[in-house]
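Load the model in your viewer and colour it by chain. The stops below go through the chains in pairs.

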There are 4 protein chains.
Amino acid sequence: MTRYSFLGPSGTFTEAALLQLPGAEEAERVPASSVLSALTMVEEGSVDGAMVPIENSVEGGVTATLDAVSVAHNLHIVGESLVPITFVVASREPMPLSAISSLATHSHAWAQVRRWAEVTVPHAEYIPASSTAAGAQGLLAENPVADAAISSPLVAEQLGLHVIASGIEDVSGAVTRFVLVTKPGPTPEMTEADKTTVMVPLPEDRPGALMEILEHFSTRGVNICRIESRPTGNGMGDYFFSMDLEGHIKESRVADALTGIHRVSPKIRFLGSYPRADRKPQQVTQDVSDAAFSAARAWIESLRR
Amino acid sequence: MTRYSFLGPSGTFTEAALLQLPGAEEAERVPASSVLSALTMVEEGSVDGAMVPIENSVEGGVTATLDAVSVAHNLHIVGESLVPITFVVASREPMPLSAISSLATHSHAWAQVRRWAEVTVPHAEYIPASSTAAGAQGLLAENPVADAAISSPLVAEQLGLHVIASGIEDVSGAVTRFVLVTKPGPTPEMTEADKTTVMVPLPEDRPGALMEILEHFSTRGVNICRIESRPTGNGMGDYFFSMDLEGHIKESRVADALTGIHRVSPKIRFLGSYPRADRKPQQVTQDVSDAAFSAARAWIESLRR
Amino acid sequence: MTRYSFLGPSGTFTEAALLQLPGAEEAERVPASSVLSALTMVEEGSVDGAMVPIENSVEGGVTATLDAVSVAHNLHIVGESLVPITFVVASREPMPLSAISSLATHSHAWAQVRRWAEVTVPHAEYIPASSTAAGAQGLLAENPVADAAISSPLVAEQLGLHVIASGIEDVSGAVTRFVLVTKPGPTPEMTEADKTTVMVPLPEDRPGALMEILEHFSTRGVNICRIESRPTGNGMGDYFFSMDLEGHIKESRVADALTGIHRVSPKIRFLGSYPRADRKPQQVTQDVSDAAFSAARAWIESLRR
Amino acid sequence: MTRYSFLGPSGTFTEAALLQLPGAEEAERVPASSVLSALTMVEEGSVDGAMVPIENSVEGGVTATLDAVSVAHNLHIVGESLVPITFVVASREPMPLSAISSLATHSHAWAQVRRWAEVTVPHAEYIPASSTAAGAQGLLAENPVADAAISSPLVAEQLGLHVIASGIEDVSGAVTRFVLVTKPGPTPEMTEADKTTVMVPLPEDRPGALMEILEHFSTRGVNICRIESRPTGNGMGDYFFSMDLEGHIKESRVADALTGIHRVSPKIRFLGSYPRADRKPQQVTQDVSDAAFSAARAWIESLRR
């Protein structure tokens, strides 16, 4: 049976992301206490893959994830999931909101429902929990930690809690991005809508250095979906860039751009090509089509013979 | 008396960052339960400034801070602080590490001392706290939440706890960056080493669009210290870039670059120019010196007359 | 009375270009034996302006003209003319083509009608002349230099010759460009369709150096109509670029681009802004409109106050 | 026996350039009356190669040469020569300068010695000749066209004339560039110092279009030695660029840059790679070395497998 680790405990948005995978419902799902530990299970071979948050998470681990993937030299990204961030108020027994005197949840979740709480349950005390799932779980203890918990819909459902209110997040429409990480193996097949993730060390810290890297993408018509500079930890001015690109490494435009960057930053790391969760179709102009690359290469070869 | 809010509770790294400010020791320091609430105090005028974390924090709030500053239209960054991230184990009474059976701390802090804990106190149970300071505070309760707490050195000192072990973080040398935010007022004076923070909406999501923005910096010799793309929340492909630049808006090269970007992305927001915490001196080549800008402007004016 | 010099003798395409100027018909037109001598007359004040060829000329002087203008430090371009290049066969008395045994013309003109001559007058001997006009003039001498001459329509008309054949050029549709040069004075008024000519010394001979200059134009939406690298004569790798730009120096986008280039190449020379002969209207996008520059400057000024 | 055509007549600087070729002294040298006719001889197979002027010539043909090569689809450049431009005054019999009452030469040569003539032989009449060689030749006619001629040293030597004065050019140090053109065949071997000539049609006439072409060179560390925009003759705004690049098509950096440009401008024409006449050694940085290209390609291939 396929086994996946995920940033736990049970019922996190990360598990919800994992459940989007075909076959995940039947797979064994192993909660991990941190992103690093979820990834370590993959490296050690105790699971087949790990689902971890990568952007805007309410459960932490965000900024750490890609760095961890990068440090763990033998992991690749093979998929991504998008999960809408929405919260419910859940309790063991049915009760009106006005009867709630204490609410357990993780501090990040609390920050995201604060305005709702001030208006709707101003009298309720906030009880910090190590995760939203742990807060909900605490309702089932002999001495419940609180009257109610704020959690993902999945947690409430898994624990059989009563949902008193839903959609209580102050900002609606937020989405968290998750990636599925495995040991290196065959790169997922190219689709009509793929992403490629790379880490590019900045070769030199001076004006224009980043632009010279980006030129390799723009001259090949490769759009950048996400870019973040991160300190390497080797001291001042020593950065790398974490980037998601539109396209698959099997496309000539992506391969050619990465080839160019390898020359100026040979420590570039390829973290994977995988289908986009949003299925947004790619815009590939004629001059960066595979056909244009083939024609250009054939022309040069004819000249060099 | 000057009043500053900070991401609390007392004893956070954020308070340590605040204490680096000249005069902060004597100022009134008001802990806030979230970055947003610290910033709101500034906006409402109940404090003169707020110190909030901006990068790699162990106390959360990181990715939210700049976004919050950006949403809150009337706040500017006037300074930055760097605080080394280091943890201590503290207890109410002196005790050996081997005697610890439970340890309270925030989940982020716990993630950063995990390897130390597995090796040194494998028997100890982890008790989640809403912050490292809250965990330490909990030691002083009638029924202490745990035997010991993992916190910043500042918390242990403020609470008069015994430091049993220090420097227990798994990765040493980490530094967290904080910024001091105030209502708009006079921009801090130019020094030899300044930074400028801006938010630039991406005018169009296509290959090369980011590069066209960066060209405005490279043609003026302005180095980029940090760049992060962030979704605006208005849907797919709608990004802005959060950037720290070397230099002060009173330098011609910075002003000229921002002028250029304003044309292509008129919703650009200036969040402040302020002295760099690391005091790294600037490298300004002759062609982007104020003198070169003046000479060029004088030349053009002579031609247009 | 206004006086203009032009690359002579009478009847050249250059005089035809001069005659396109409003008022030139009534002005005194002084033929000069070389571009340099035409320009020298302007500098010395003996004429008000000089019309000289600048591109694709059949009468020589082409590559020398802008260089000469550049060396002559006190001259500006104030206008341009386009003249279609077409040739006629002219003789003193009417005669059939088949009766022509010798044809006088300048070697450049001869090169441009060679194929016609081989087919139509294969028996005719080519008699070199110092200019097409001199060849035509030679038909009127006591001992005519040839039976017929190949010249511009203007020469034949001015000398009262018979036009035996016209439109005999091997390549039809060719156009020669001429510029009107004066002492520095008020720059011609901005129209809807202007050009600006500059000379930009290459600050450093290395890969990317030219691109860094061109970036100043592309970031301001200024199109380049003509570019030519020319050795400065100071030795290997010492170049300048002669460029025609779309737009007038009174437009912010042009002024801003030239200001930027002045910083990296302070010896840049402005040779003039003047109406385009082809009246091709300009495409100015919103982000490089004068309004966008004004708004950007106002924004920066508000921040720096 | 090898046969070469050259822009004649005998004794031109072009013949001097031809004589720089190893073996040219013994080869048959065929003067041609125009660049086009010299090139036509190559195409028709009546000669093995043609030497034609390409830059700053005193003998014409300059701007036409590359265009002609381009139109004639089956010719390549295989070498270049540099000839210093210097003039002598020559006569049939020895005579003092003061005794000269007329001087024959080509108008371009006359323009280049004008200042010398005004000072040294102000009384002498200028007699136009169809070439400097023709002027010199005319001294040997039964009725000499002039007392003396202004020509290249080679002409005077070939005709056995007396050199009365030498080095009379107004600007010393000028150099003319010539290229040797043959039918397509094996590209000359790579040396330490090569040039490559290409013609690149501008894909679109808008701000930044040229820069996008040049980026392909700068991202591969390929320096541009010469660039000239030329109208294609297809109407307004329809240009191509004639460019000389540092490097040989057998170098990866050159091949990769041209491959990139072929995608955006598929009608690019390769006119040849050949040793530089000035033997200036190339500066190839590590990131654009053949080794860097190989390593980058090997990396990508390993990822795509």
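By what turn and what shift along the axis can chain B be laid on chain C? The model is predicted, and in it a turn of 180° with a shift of 0.1 Å along the axis lays chain B on chain C at an RMSD of 0.1 Å. That is how a two-fold axis relates two copies, so B and C can be viewed as such a pair.

Next, select B:E215. Within chain B, the C-alpha of B:E215 is the one nearest the axis, at 3.8 Å from it. Now show the contact residues of chain B and look for them in chain C: 100% of them recur there, and the same surface serves both copies.

Move on to chains C and D. Here 34 residues of chain D are in contact with 35 residues of chain C. To see what chain D brings to this contact, select these elements of chain D, each of which supplies at least two residues of the side touching chain C:

- α3, residues 62-71
- α4, residues 107-120
- α7, residues 209-218
- β12, residues 224-231

Keep α7(D) highlighted: its six residues are the largest share of that side. Then colour the side of chain D that touches chain C by residue class; it has 13 nonpolar, 14 polar and seven charged residues.

Last, select the pairs without contact. Chain A and chain C are joined by no contact, and their closest C-alpha atoms lie 11 Å apart. For chain B and chain D, which do not touch, the nearest C-alpha atoms are 11 Å apart.

Key:
Residues numbered from 1 in each chain as written. Chains lettered and ligands numbered in written order. Predicted model: local features only at pLDDT ≥ 70, side-chain atom pairs only at ≥ 80, totals over all residues. Contact = placed C-beta atoms within 7 Å. Helix = DSSP H or I, 4+ residues; strand = E, 2+ residues; numbered from the N terminus. Nonpolar A, V, L, I, M, F, W, Y, C, P; charged D, E, K, R; others polar. Least-squares fit on C-alpha atoms with pLDDT ≥ 70 in both.
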